[in-house]
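Colleague: Could you walk me through this model, please? I would like to begin with one small detail and then work outwards.

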Amino acid sequence: MRWRGSVPAPAPVATVPGPVDPGLADLASDERLRRLELTVTRRLDGLLHGQYRGLLPGPGSEIAGSREYRPGEDEVRRMDWAVTARTTVPHIREVDADRELTTWLLVDASPSMEYGTADLDKRELAVAAVAAVGFLTAGVGNRLGAQVLTPQGLRRFPPRSGRTHLLGLLRALLNAPRVGGYDEDAVPLAPPDLVEALAAVHRVATRRGLVVVVSDFLDGLPDDPGQAPPWERSLRRLAVRHQVLAVEVTDPRELELPDVGLITLVDPETGRRREVWTGDAGLRERYAAAAAAQRDQVRQALRRTGAAHLPLRTDRDWGADIVRHVHAQRRLAAAPAGAARGGVA
């Protein structure tokens with residue numbers, strides 16, 4: 001039986017005070033946020049700018065409405081015949097320039113993201129990914145919007161431009177309450193729904209742009225690898241219109257069990273518990289095989305959607321992984337047509 005997102009139950013905490021490394025949680029302060037910004041811009045600057053896929057050259061291609069025709073000023077080929085026929089007054093189509101990019105972030109902050117056994121936990125790594133995308137897509141006229149999937153529901157941040165807006169979003173992610181997926185009596189709480197969150201992004205992302213989904217993609221993953229995850233169709237629908245980047249966040253302990261004796265595993269989404277003897281070598285091998293099959297299931301599903309796939313791990317250098325991914329995508333983009341689909345840049 002595979003426990004998706006299962007984590008060891010917390011052991012009793014000693015009352016003796018001691019130093020605790022809070023990791024990226026300190027980024028709630030302006031000083032640490034500036035430090036993260038400096039890290040991103042020094043290591044990754046220039047990698048994500050420009051080359052907005054699918055945007056046409058010229059004055060613009062996104063319909064922004066209609067207005068009355070001005071003889072001698074407007075081109076007849078821009079006439080909006082449908083509005084003209086309805087109003088009996090000549091109207092032309094107005095379009096928005098394609099030089100501006102709107103980026104939408106969908107950040108998974110469900111209980112399964114509250115886990116980590118390395119330098120960062122999965123939620124902190126998600127914040128780092130958001131910072132990288134936010135700082136590197138920031139530019140004149142570019143806007144960033146976000147939807148954060150929490151156990152309490154979907155929290156929305158309207159698209160705005162500017163560094164202040166991005167720092168406010170990062171603070172909100174870092175300062176959000178860290179709650180588990182179960183109460184003190186282990187009564188399951190209603191888990192957030194990634195499918196509904198993707199549908200919400202589709203409703204608000206009316207203009208072509210960049211959509212970044214940061215998650216472990218464990219929500220509703222079926223036990224049968226032959227079945228498609230429930231979120232696959234929604235993600236494919238987004239990828240038809242937008243450039244989509246799927247950032248998959250994992251922790252090494254989700255991929256293999258260490259030999260640490262008897263432990264209690266808790267499913268953070270439902271609160272279910274199970275004691276496991278990790279000294280059994282056969283059990284550890286079966287766990288590793290099931291975990292590998294699970295991650296391959298996610299990888300294949302993301303490939304079918306047409307989204308670019310960026311895997312990040314809490315025990316790796318996330319900056320280096322992003323650099324390698326962007327360079328790989330640019331090599332694919334320079335390859336003959338049909339060699340690859342999607343990309344970050």
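Colleague: What sign does the phi of G306 have, just after α7?

Modeller: Bear in mind that this is a predicted model. In it, G306 takes a positive phi of about 85 degrees, and this glycine comes just after α7.

Colleague: And at the other end, which residue's side chain reaches to the backbone nitrogen of G282 at the start of α7?

Modeller: That is D280, which has a side-chain oxygen within 2.9 Å of the backbone nitrogen of G282.

Colleague: How many residues does α7 have, and how far does α7 reach?

Modeller: Helix α7 covers residues 281-305, which is 25 residues, and from its first C-alpha to its last it reaches 37 Å, close to the 36 Å expected at 1.5 Å a residue.

Colleague: Which residues of α7 are buried, and what covers them?

Modeller: The buried residues are Y287, A291, Q294, R295, Q297, V298, A301, L302 and T305. Their cover includes α6 (232-241), β8 (243-250) and β11 (308-313).

Colleague: Let's turn to β8, then. How many of its residues are buried?

Modeller: Eight of its eight residues are buried, so to speak of β8 as mostly covered is fair, with buried meaning under 20% relative accessible area.

Colleague: Which residues point which way from β8?

Modeller: Q243, L245, V247 and V249 point one way, while V244, A246, E248 and T250 point the other way. In a regular strand the side chains alternate between the two faces of the sheet.

Colleague: Do tell me about its partner: how many bridges join β7 to β8, and do they run parallel or antiparallel?

Modeller: Strand β7 (residues 210-215) and β8 run parallel and are joined by six bridges. In this pairing, S215 stands opposite E248 in β8.

Colleague: Changing topic, which residues touch the most other members of the largest nonpolar core?

Modeller: Those are L105, L170, V247 and W318, in a core of 43 residues. Helix α3 (residues 122-137) gives the most to this core, with eleven residues. Apart from it lies another core of 23 residues, which includes L149, V211, L218 and L235.

Colleague: What is L105 in contact with, leaving aside its neighbours within four places in sequence?

Modeller: L105 is then in contact with V130, V133, L144, G145, A146, Q147, L169 and V212.

Colleague: Finally, how many helices and strands does the protein have?

Modeller: The protein has eight helices and eleven strands, and buried residues make up 44% of its 345 residues.

How values were computed. Residues are numbered from 1 along each chain as its sequence is written. This is a predicted model: local features need pLDDT of at least 70, side-chain atom pairs count only at pLDDT 80 or more; totals for chains, interfaces and linings use all residues. Side-chain values use heavy atoms; hydrogens and water are left out. Helices (H or I, at least four residues) and strands (E, at least two) are DSSP runs, numbered from the N terminus. The expected span of a helix is 1.5 Å times one less than its number of residues. Buried means under 20% relative accessible area, exposed over 50%, partly exposed in between (1.4 Å probe, protein chains only). Contact means heavy atoms within 4.5 Å. A polar contact is a pair of N or O atoms within 3.5 Å; within protein, one must be able to donate a hydrogen and the other to accept it, and residues adjacent in sequence count only if both atoms are side-chain atoms. A nonpolar core is a set of buried Ala, Val, Leu, Ile, Met, Phe, Trp, Tyr and Cys residues joined through side-chain atoms within 4.5 Å. Two strands pair if DSSP finds at least two bridges between them.
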